[in-house]
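The following exercises concern a single protein chain and its secondary structure. Each task is followed by a solution in steps.

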Amino acid sequence: MRTRIFKINPENIDSESIKECASILRSGGTVAFPTETVYGLGANALDDKAIEKIFKAKGRPSDNPLILHVHSFHEIEKYAGSIPGIARTLAHFFCPGPLSMILEKSSMVPASVTGGLPTAAFRIPSNEIAHALIEASALPIAAPSANLSGKPSTTDGSHVIDDLYGKVDAIIDAGRSEIGLESTVIDLTVTPPEILRPGGISFRELKMIIPDVRKAFAGDINTAPKSPGMKYRHYSPESPLIIVRGSVSATAGMINDLLIENPSAGVLCSDETMSLYNSENKISAGSRENPSEIASNIFNALRLFDKTGVTAIYCEYFDIGDLEEAVMNRLVKASENIVVID
Ligand code: TXA
Ligand code: MG
């Protein structure tokens, strides 16, 4: 398949490119586009055939539902069934932004989008290119993250080209994603509401609005997953990822021991700890003083390790406050093994 690439400068959005991409979406095609979290692979959410193309391009199991991306709360009212008051309150504080709200779906949303579920996830992205594209298409846009299924999400146009060139109709390349981790998914169809995936909006922020909000993403891996996406192996780089959790010196000691056995392994660390490791293949995700920098670099780092062909990746535990939950959720899902040192 021929893939058209549109390079768009986020500082000066070319409206002709947006129009062309919107018309590809309107005619049932697939367009990968930037959002503030990660890149999404979009198609018309009301067109079964277009939706099928998304699952095919990604190699994604068809029972894993997609998020509907819309440009305003008014659009959510169009495509959701009954809307609880809390959805409006959350939208007031966090939308547009990295929050996906699960609501009852209306009959207009096809079962192919929701993997047969009676509910659908809705998100209003704040990224201006995403916003312009959705508005110009005048459609709800179903979009999973724009990566091959099981691979790390894409946080740069070049990652999308690596994974999806030749598999989709168009790719908008607008450089790096701002947040670099996917949206927080919250289920508002249950009482109290449940967070199904930690992400750009933290538990602490949600708790300020919904004091009894629950976390439904941790816990026993043998219990049935609430979000279909929770049951699949995710975000995995080619080489095994091993997370080491302990004090700074114990972590460095253990990783240096592991490096003696396996000198071609890589280390994923932080600016503050980088000099502690005896390895040629170290990548710092950023400063521990700047958690959002670390969050935004995680997927990029995993992809860089894939390119350099390391035999394993040893990774520090990032205890970085509000974003720790989302960052470590992705890393733990990508990992083969977690070592905790007292
Ligand atoms: O930031 C994001 O959310 C990005 C950008 C592109 O918007 N999208 C994204 O989509 O991460 P995806 O498909 O990779 O992850 C969506 C997650 C999956 O775990 C899916 O199972 C869950 O949301 N989900 C979607 N609809 C759901 C529903 N009705 N009930 C439960 N979980 C749902
Ligand atoms: Mg994904």
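**Exercise 1.** Which residues of β9 are buried on one side and which on the other?

*Solution.* The model is a predicted one. A residue counts as buried when its relative accessible area is under 20%. On one side of β9, Thr184 and Ile186 satisfy this criterion, and on the other side Val185 and Asp187 do. Both faces of the strand are therefore covered.

**Exercise 2.** Determine how β9 is paired with β5 and with β10.

*Solution.* Begin with β5 (99-104). This strand runs parallel to β9 and is joined to it by 4 bridges. Within the pairing, Ile102 lies opposite Asp187 of β9. Next, consider β10, which comprises residues 194-197. Here 3 bridges connect the two strands, and the direction is antiparallel. Val185 has Arg197 of β10 as its bridge partner. Finally, the connection between β9 and β10 is a hairpin through 6 residues.

**Exercise 3.** Identify the buried residues of helix α4, and explain how they are arranged about its axis.

*Solution.* Helix α4 spans residues 85-94, and its buried residues are Ala87, Leu90, Ala91 and Phe94. Viewed down the axis of α4, these residues fall within an arc of 100°, so they line one face of the helix. The general principle is that an α-helix has 3.6 residues a turn, so residues three or four places apart point the same way. The last step is to find the packing partners: the buried residues of α4 pack against α3 (73-79), β5, β9 and α7 (203-209).

**Exercise 4.** Describe the open sheet that contains β12, and locate the helices packed on it.

*Solution.* The sheet has 5 strands in the order β14-β13-β15-β12-β16, with parallel pairing. At its edges stand β14 (282-284) and β16 (337-340), each with a single partner strand, so one side of each lacks a neighbour in the sheet. From one strand to the next, the twist averages 20°. As a detail of the pairing, β12 (residues 241-245) is joined to β16 by 4 bridges, and Ile242 stands opposite Asn337 in β16. Helix α10 (residues 324-334) packs on the sheet and touches β12, β13, β15 and β16, its direction making about 135° with that of β12. Helix α9 (residues 291-308) lies across β12, β13, β14 and β15, and runs at about 170° to β13.

**Exercise 5.** Assess the confidence of the prediction.

*Solution.* The average pLDDT of the protein is 94, and 95% of the residues score at least 70. Over residues 219-224, however, pLDDT stays under 50, and the model has 0 contacts beyond four places in sequence for these residues.

How values were computed:
Residues are numbered from 1 along each chain as its sequence is written. Chains are lettered from A and ligands numbered from 1 in the order in which they are written. This is a predicted model: local features need pLDDT of at least 70, side-chain atom pairs count only at pLDDT 80 or more; totals for chains, interfaces and linings use all residues. Side-chain values use heavy atoms; hydrogens and water are left out. Buried means under 20% relative accessible area, exposed over 50%, partly exposed in between (1.4 Å probe, protein chains only). The arc is that of the directions from the helix axis to the C-beta atoms. Contact means heavy atoms within 4.5 Å. pLDDT is the predictor's confidence in each residue, from 0 to 100. Two strands pair if DSSP finds at least two bridges between them. Axes are lines fitted to C-alpha atoms, for helices over the stretch in contact, and angles run from 0 to 180 degrees between N-to-C directions.
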